[in-house]
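Where is empty space left inside and along a folded protein, and what surrounds it? Please look at the structure below with that topic in mind, and then read the notes that follow.

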Amino acid sequence: MSETRAFGLAGPERDIAGPAGTVFRPAPVPPPRPCGTLEPEAAAESSAGTAGSAAPAPMTVWPGTPEPLGARFRTGSAQGTGTNFALWARGAESVELCLFDADGTETRAPLAELTHEVWHGFVPGVLPGQRYGFRVGGRWDPWTGARWNPAKLLLDPYARAVDGDFTLAPELYGHVHDWPEREVSDTVRDNRDSAPHVPKGVVVDDDDDWEDDRRPKTPWSDSVIYELHVRGFTKTHPGVPPELRGTYAGLAHPAAIEHLTRLGVTAVELLPVHHFAHEEHLERRGLRNYWGYNSIGYFAPHSAYSASGSRGEQVGEFKRMVRALHAAGIEVILDVVYNHTAEGGQHGPTLSLRGIDNRGYYRLGDDPRGYTDYTGCGNTLNVVQPHVLRLITDSLRYWVTEMGVDGFRFDLASALARAMHDVDMLSPFLAVIAQDPVLRRVKLIAEPWDVGTGGYQVGAFPPLWAEWNDRFRDTVRDFWRGAAADVRDLGYRLSGSSDLYDWGGRRPYASVNFVTAHDGFTLRDLVSYNSKHNEANGEDGRDGTDDNRSWNCGEEGPSSDPAILALRRRQIRNLLVTLLLSTGVPMLVAGDEMGRTQGGNNNAYCQDNPVSWVDWSLLDDPGWRSIRDTAARLIALRHAHPVLRRGGFFSGLASIPEGLRDVAWFQSGGAEMTEQDWYAPSSTLGMYLSGQDIPQRGSRGEPLVDDSFLLIVHADHRPVDFRLPAEPWARSYELVLDTAEEDAVPDPAAGEAAVTAGGSAADRTAEPVAAGTLIRVGARSVRLYRALRM
């Protein structure tokens, strides 16, 4: 057998006792090729990166350079044409470069040069397309956190492309995964070769010219974010050719981009596209990790989303996608997972970092066999280690400068902001980002929590950062399901969450407002289910939150009752209006604008099937198509009126003596809210936005003047009589939208003119109503009025 239990410095040559006194003779570690020079035949095969390429023989490994890290192809240098390989592996005793030819034959060569903890060498003749990995030797001593095992082929952390996938096999593990004594199995070294079961890094010629690309550079206050999954967005899109569906090229297709531009979003936020692995427990149940929050290659676009190939072609395809989106005026934001990796806890596989330097890359526990887990995924990257911090920042800069992306949303960002233990807003990670000349200029969004003690940090991230505002999500959900006792918290959320973000010079766009995200119910499911229905995940209902704050409108799941269906569509309109007209940066989830459902599954992370894919056939239904049109018109309304996308917080004061306050709040009787009114039970609130008091100015310093609006939200199941505020707020009011109507926001094209930044009659829907008039607001609905003062 191949099992070996290595205690302290014991080597694999020793016999060891197994269960019940059995003795196992460890299998030898796969022998390396001769040092220094590779066999000419094998070298020629392994270095043939592309058809017709040839490699010199013999292939000698020259010293090369320790910078940059990873595999960098060079041509025309003093060393000739070839590739420099460099790997940071502090504490390792040896590093072998492993090259693979087309049939999987492996050729190895030691990297003999060690400079500042970086092992390096230059291999002439190695061209783009060459597959490679590393084997790293050192002590096997799990009790001190040392888990080197040269039998395991390791993915280069700096690989620009990855070919292949991890296959479910015990050889993937540095320890004996099926050792009968589970509690100590992670201490028993497995000497079986993992190379046939792991993907390989690919040498990439990533020299590119971005001169023809024009980044949209959309200001934060003008941004509308659309969260989507590269595969799921186009997997069933009828306008995208079948061979491109579910790929980067599919997202770049004009049919896909047309939907985004018609909707009016300014940025797509892509669920993880770093190369990731599928967890063993999912594969055993016949499932896959769909969301991709299980990264293992921070520089490599996930190869399964490539229509053109995985030998480096995915890199060019991703870049072309970015260019196409930029040409349409759409920014690209990546959801990135630097808090943990796919290697999991101490019983997880050895795929990359664990086998390179387990003690350097990960936060180890009080017992160094295990890990400090602030992520709920088994491990946490040790971002206080300079080279780990460098890995992250090198990756971020690469995606900005060489892949063209415009920003990042950081999964479980609090885990990255931890210093030694506690979350620290002066932590090394945040300090490095703040001073980096590349990264401080792009959009930075924190998911401001993790699962550790003190990890919830909503409102605490420093300037430069925006945050996912789950307080907005919970407040809006509670209000529209009738669970809010009063309207105090809703007032804060509608006006930009100043209670969370009005400090340190931050602006309202620090708040990324959302009602739904990939994690949880879709918008349609939010109004169709009281409870999660995650049976398909195979976890007996243990997965997914129970705190959904949802309401099924009277019947669980699908319904044929016309009254229930109409109420659900009205609730969706209410949620969309609240999201898209609130101050801050709105984020929509792909498919919510057309009624996508996951059948009540609120944790569809493992459902790579129609449960998760956008169902484009919904647009054939006039009812759901009208929801899409409503969302598009609301976004157009937002873009047209700067008072709806303010760059500064409200003061509650007038900017000039004879002016109106920039915001005013009204109860249903038409009087301004008093302190007592805020604490009284209520499900109705009026919010007056003054277009005469916009804090930001135009590009030449000119004041921005806009229409003034009155927004009325009413969540009770009965209609309410609301008196329109009298002068000086307005002389009369024009109705702009009413969610009680199926056509909540009429098509601006039917008006007198197109919607313009200065406001026009394009979104006018009815004759003006005199100020002071008592109007009837329908049950569970929103009305928006334009205030006329002339």
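A cavity, as the word is used here, is a set of grid points where a 1.4 Å probe fits but cannot get out, whereas a pocket is an open set. The model is a predicted one, and a search of the whole structure finds seven cavities of 30 Å³ or more.

**The largest cavity**
- The volume of the largest cavity is about 140 Å³, and among the 15 residues that line this cavity, His229, His518, Val589, Arg596 and Ser612 are the closest to its centre.
- Two elements, strand E16 (225-228) and helix H2 (230-234), give two or more residues to the lining of the largest cavity.
- When the lining of the largest cavity is divided by class, there are eight nonpolar, five polar and two charged residues.

**The second largest cavity**
- The second largest cavity has a volume of about 80 Å³, and the residues that line it include Arg477, Trp480, Arg481, Trp551 and Gln571.
- Helix H11 (470-480) and helix H15 (562-581) are the elements that give two or more residues to this lining, which by class has five nonpolar, two polar and three charged residues.

**The second largest pocket**
- The second largest pocket holds about 500 Å³ of space, and of the 23 residues that line this pocket, Trp220, Arg440, Arg441, Val442 and Lys443 are the closest to its centre.
- At least two residues of the pocket lining are supplied by each of helix H8 (386-401) and strand E23 (465-469), and the lining as a whole divides into 10 nonpolar, four polar and nine charged residues.

Notes: Residues numbered from 1 in each chain as written. Predicted model: local features only at pLDDT ≥ 70, side-chain atom pairs only at ≥ 80, totals over all residues. Heavy atoms only, no water. 1 Å grid on protein atoms, 1.4 Å probe; cavity = no way out; pocket = protein on both sides within 12 Å on 5 of 7 lines; lining within 4 Å. Points joined across faces, edges and corners; volume = space filled by probe spheres on them. Helix = DSSP H or I, 4+ residues; strand = E, 2+ residues; numbered from the N terminus. Nonpolar A, V, L, I, M, F, W, Y, C, P; charged D, E, K, R; others polar.
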